[in-house]
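Please open the model in a viewer and keep a selection tool at hand. The tour below proceeds from one selection to the next and states what is found at each.

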Amino acid sequence: MRSPHRLLILLFLALVVAGAANPATASTHPVHAAHAIVVSVHELASHVGVKIMQAGGNAVDAAVATGFALAVVHPAAGNIGGGGFMLIRMADGKARFLDYREMAPAAATRDMYLDPQGNVIEGASDIGYKAIGVPGSVAGMVYAEQKFGKLTLKQVMAPAIQLAREGYALSWEEAVDLHDRHLAEFPESRRVFQRSGDYYKPGEVFRQPDLARTLERIAEKPDDFYHGSLARELAAAMQKGGGLITADDLARYEVKEREPVRGTYRGYEVISAPPPSSGGAVLIEILNILEGYDLGKMGERSAQSMHYTVEAFRRAFFDRAEFMGDPDFAKIPVAQLIDKRYAAAWLETIDPAHATPSKDLKRPAVFSALEQYAAGHPPVMAPHESNHTTHYSVMDADGNAVAVTTTINDWFGSRVTADGLGFLLNDEMDDFSSKPGVPNGDGLIQSNTNAIGPGKRPLSSMTPTMVVRDGKTVMVLGSPGSSKIITTVANVLMGVVDYGMNIQEAVNAPRFHNQWMPDVVNVEQWFSPDTVNLLQHMGYDVEVGLHYGTHVAPYWSDAECIAVDAKTGERLGASDVRDGGKAVGY
Ligand code: DON
């Protein structure tokens, strides 16, 4: 659903980012680290993770410490009131995927965001108490720490608690971000983040004593967040504000360990996010199709290589629309979608010289299971997946690696701060389909499989990914960017594998995106007009930037990635200049 407030946010961002660094002129050198590295959107959070590893922690300890630190220094997206996915690959080759995505409360209903006439109520699924899903981040990070970390929860949470209590100096962007007008609609958010109207200034130290106390309580007694006094206080705050979440919802929340999705691409193994994320399956389907072309020979960002890549994006997103949702509520045919025979059949449908109109796509009849499923689940229009989330990547000295993408969905989530607890809550309910059959502003289409239901997890595009060669993790990848997450990860991965870039060059390289519907190719502002022309001659509707009505965001996503130097074993950290993050290593 597109609502005016979201347009304003996007306009604001377009203005803010207009002043951001240009990847075309940014350094092409990744940060080199002999032993271990953390790459995140915030320098302070990256430092926290590195210090934890220097103190004897492994990559999981560092990831958990970084995650809690981001909840303090990056409240717009880092969080304890949201959810996420953590992909862990230990040096012994064992990969685990932790799903701590938010869950719809028991009282959620399929039509909860519709008015009596059956129309979507503007803002209902993304602003305020009713937009909030049961948060999973605390459960996920605690689970990871207790099962896979070497240190104690108290040790890894100590830096975040210190940052919350002692504060940190706000950058210009951070101070400006806190002016968000929807935060001002909620008195507790206005008190905590806007000092009741006396806005924080750039350079001023931002202290969060309520959050420090909440983090201390979690460190002391982690179960309290779901089963104890913290749960009761959170549930009371939700009820008071008219939300649906109860203490029982919190008590029922559980982290799910799922099998990651696996594929191969030109001799590399690719390990990524399974449903309820669409990310891994769509990424691998894209790569499977592209394996049929010698992209490297066609040239990086040449019109011909872009043509084939967009056609692969289009086909995989067409399948995303049809098949994806919560695997605990529907069988998702991932095995068929990532089968190389299916990709080969898709490849046959690609015209070497012309774009295929999205409306004319016909799924090749390779697997009857796909056809039967599609017949029973007509695609429906779904809500827009909005623009703010954060990804961080970690690798330790032993070669253990962690990729985390975490979100409260929108910038500052639902804008609701839990009374007295100091943290923002997500609006992840907006990732469900609010109303089957109604187009949303972004035209991102999903099937009924993603309708709202109690206890269900909304479909995600988050794509924490690892690339493996000869048994060793050689890349750790991920980004925010809603549907653009998947194509961003594909762009970066192909930059290294197909076009021989180093990881920083691959992160810097201008991105392009297609998601089946709307039938346009979005290219970042740095593409040459000649390339755009050639694509237009092939039949593409090319938009420079992302267009939201009259507003244009000139670029998107924030890839925070690691590669390993094949010769020296050094960890190479590439933070995205588009969002001012930082790779820190030792
Ligand atoms: O889970 C998802 O796919 C979305 N809630 C993520 C939103 C997002 O990436 C926005 N980022 N820029």
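Select valine 192 in this predicted model. Is the residue buried or exposed? Its relative accessible area is 10%, and therefore valine 192 is buried. Valine 192 belongs to helix H7, residues 187–194. With neighbours within four places in sequence set aside, its contacts are Tyr200, Phe206, Asp210 and Thr417. For a sense of distance, add arginine 457 to the selection: 265 residues separate it from valine 192 in sequence, and the two C-alpha atoms are 29 Å apart.

Move next to arginine 195, in the loop between H7 and strand E6 (205–206). Its phi is positive, near 45 degrees, in a residue other than glycine. The relative accessible area of arginine 195 is 27%, so the residue is partly exposed.

A second non-glycine residue with positive phi may be selected for reference: asparagine 409, at about 75 degrees. Asparagine 409 sits in the loop between strand E12 (401–407) and strand E13 (445–447). Its relative accessible area is 3%, and it is therefore buried.

**Helix H10**

Select residues 229–240, which form helix H10. At 1.5 Å a residue, these 12 residues should span 16 Å, and the end C-alpha atoms are indeed 16 Å apart. Colour Leu230, Ala231, Leu234, Ala235, Ala237 and Met238, which are buried. Viewed down the axis of H10, the buried residues fall within an arc of 160 degrees, and so they line one face of the helix. An α-helix has 3.6 residues a turn, so residues three or four places apart point the same way. Exposed Arg232 and Lys240 are carried on the face of H10 turned away from the buried side. Now show the surroundings: the cover over the buried residues of H10 includes helix H8 (209–220), helix H9 (224–227) and helix H11 (247–252). After H10 comes glycine 242, with a positive phi near 90 degrees.

**The seven-stranded sheet**

Display the open sheet of 7 strands, whose order is E1-E22-E21-E15-E14-E9-E8 with antiparallel pairing. Which strands form the edges? They are strand E1 (31–33) and strand E8 (261–265), each of which pairs on one side only. On average, and with direction ignored, neighbouring strands of this sheet are turned by 25 degrees against each other. Helix H18 (residues 483–497) packs on the sheet and touches E8, strand E9 (268–272), E14, E15 and strand E21 (561–564). The direction of H18 makes about 135 degrees with that of E15.

Within the sheet, select strand E14 (residues 465–469) and strand E15 (residues 472–477), which run antiparallel and are joined by 5 bridges. Methionine 466 has valine 476 in E15 as its bridge partner.

Proceed to strand E22, residues 571–574, which is covered on both faces. Arg571 and Gly573 on one side are buried, as are Leu572 and Ala574 on the other. E1 and E22 run antiparallel with 3 bridges between them, and alanine 33 has arginine 571 in E22 as its bridge partner. E21 and E22 are likewise antiparallel, joined by 4 bridges. Here isoleucine 562 stands opposite glycine 573 in E22. The hairpin of E21 and E22 has 6 residues between the strands, and glycine 569 in it takes a positive phi near 80 degrees.

**Helix H20**

Select residues 529–537, helix H20, whose buried residues are Thr531, Val532 and Leu535. These cover an arc of only 100 degrees around the axis, which puts them on the same side of H20. Pro529, Asp530 and His537 are exposed on the other side. The buried residues pack against helix H14 (303–323), strand E17 (521–523) and strand E18 (542–544). Just after H20, glycine 539 has a positive phi of about 110 degrees.

**Arginine 363 and two cis peptide bonds**

Centre the view on arginine 363, in the loop between helix H16 (340–347) and helix H17 (368–376). Why does it count as buried? Its relative accessibility is 18%, and buried means under 20%. Its side chain makes a polar contact of 3.4 Å with that of tyrosine 342.

Finally, inspect two backbone sites. The peptide bond from proline 275 to proline 276 is cis, with omega near 15 degrees; proline 276 is in the loop between E9 and helix H12 (279–290). The bond from methionine 517 to proline 518 is also cis, with omega near 0 degrees.

Definitions and conventions. Residues are numbered from 1 along each chain as its sequence is written. This is a predicted model: local features need pLDDT of at least 70, side-chain atom pairs count only at pLDDT 80 or more; totals for chains, interfaces and linings use all residues. Side-chain values use heavy atoms; hydrogens and water are left out. Helices (H or I, at least four residues) and strands (E, at least two) are DSSP runs, numbered from the N terminus. The expected span of a helix is 1.5 Å times one less than its number of residues. Buried means under 20% relative accessible area, exposed over 50%, partly exposed in between (1.4 Å probe, protein chains only). The arc is that of the directions from the helix axis to the C-beta atoms. Contact means heavy atoms within 4.5 Å. A polar contact is a pair of N or O atoms within 3.5 Å; within protein, one must be able to donate a hydrogen and the other to accept it, and residues adjacent in sequence count only if both atoms are side-chain atoms. Two strands pair if DSSP finds at least two bridges between them. Axes are lines fitted to C-alpha atoms, for helices over the stretch in contact, and angles run from 0 to 180 degrees between N-to-C directions.
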